[in-house]
Amino acid sequence: MRTPLIELVEKSYLKETVPTFSVGDTVDISTRIVEGDKERIQIFNGVVIARQGGGINERFTVRRIVANEGVERSFLIHSPNVVDVKVVRRGKVRRAKLYYLRHRIGKARKLRERRVHQKTVTPEPALAATA
């Protein structure tokens, strides 16, 4: 349970625009890397396997495969080091946590794509004005 005083202090550290993504989505996360006096942006892409926490402590875990080895990394959504989160592909899942992907190999690791159907709006015929 959070006290109103803590929420008031944390409110100034929250980002105004939070990226919208969910578990199962393939995302590109742009992170700020500081090496000495230099700063650069590095992109980490993978499948979101979990989201947990809330408020300033909200975080998500991303998994990807590098050289046939699974790599997982957790990011804080409201961290100043997370510059941008772009959704590359939406995944169709039926679970809140996708930890079972850790044990999958090859094509069994793929998720189905969730298709978003946009509703087409047909313009209504103009009514004839009577004089």
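So, Arg-102 and Glu-72: these two form a salt bridge, with the closest N and O atoms 2.7 Å apart. What I like here is where the partners sit. Arg-102 is in the loop between β6 (91-92) and β7 (112-113), while Glu-72 belongs to strand β4, so the pair links distant parts of the chain, 30 residues apart. Keep in mind that this is a predicted model. How covered are the two partners? Arg-102 counts as partly exposed, at 38% relative accessibility, and Glu-72 is partly exposed too, with a relative accessible area of 30%. As a reminder, side chains of opposite charge can pair when their charged atoms come close.

Okay, how many salt bridges are there in the whole structure? A search finds eight. Let me walk you through some of them.

Take Glu-58 and Arg-51. Their closest N and O atoms are 2.6 Å apart, and they form a salt bridge. Is Glu-58 buried or exposed? At 18% relative accessibility Glu-58 counts as buried, because the cut-off for buried is under 20%. Arg-51, at 23%, counts as partly exposed.

Then there's Glu-35 with Arg-40. Their side chains meet in a salt bridge at 3.2 Å, N to O. Glu-35 is partly exposed, with a relative accessible area of 44%, and Arg-40 falls into the partly exposed class at 37% relative accessibility.

And which residues make up a network? That would be Asp-25, Arg-90 and Arg-114, which are linked by salt bridges.

Now, back to β4, since Glu-72 brought us there. This strand is part of an open sheet of five strands, and the order across is β4-β3-β2-β1-β5, with antiparallel pairing. Which strands stand at the edges? They're β4 (69-76) and β5 (82-89). Each has a single partner strand, so one side of each is left without a neighbour in the sheet. From one strand to the next, the twist averages 40°.

If you want to see how β4 is held in the sheet, look at its pairing with β3, residues 59-66. The two run antiparallel, and they pair over eight bridges. One spot to find on screen: Arg-59 stands opposite Leu-76 in β4.

Let's zoom out to the whole chain. The count is one helix and seven strands. Reading along the sequence, you get α-β-β-β-β-β-β-β, with α1 covering residues 4-11.

That helix has something to show on the surface. Leu-5 is in α1, and together with Leu-8, Val-9 and Tyr-13 it makes a nonpolar surface patch of about 480 Å². Why call Leu-5 exposed? Leu-5 has 60% relative accessibility, and the cut-off for exposed is over 50%.

Last, the overall dimensions. A compact globule of 131 residues would have a radius of gyration near 14 Å, but here we get 21 Å. Along the principal axes, the C-alpha atoms fill a box of roughly 75 × 50 × 40 Å. And what share of the residues counts as buried? It's 24% of the 131, and Glu-58 is one residue that counts as buried.

So if you open the model afterwards, I'd start where I did, with Arg-102 and Glu-72, then follow β4 across to β3, and finish on the patch with Leu-5.

Notes. Residues numbered from 1 in each chain as written. Predicted model: local features only at pLDDT ≥ 70, side-chain atom pairs only at ≥ 80, totals over all residues. Heavy atoms only, no water. Pairing = 2+ DSSP bridges. Helix = DSSP H or I, 4+ residues; strand = E, 2+ residues; numbered from the N terminus. Axes fitted to C-alpha atoms, helices over the stretch in contact; angles between N-to-C directions. Patch = residues over 30% accessible without salt bridge, like charges linked within 9 Å, V, L, I, M, F, W, Y side chains within 5 Å. Areas by Shrake-Rupley, 256 points an atom, 1.4 Å probe, with all protein chains shown as cover. Salt bridge = Lys/Arg side-chain N within 4 Å of Asp/Glu carboxyl O. Buried < 20%, exposed > 50% of the residue type's maximum accessible area, 1.4 Å probe, protein only. Rg over C-alpha atoms; globule rule 2.2 N^0.38 Å.
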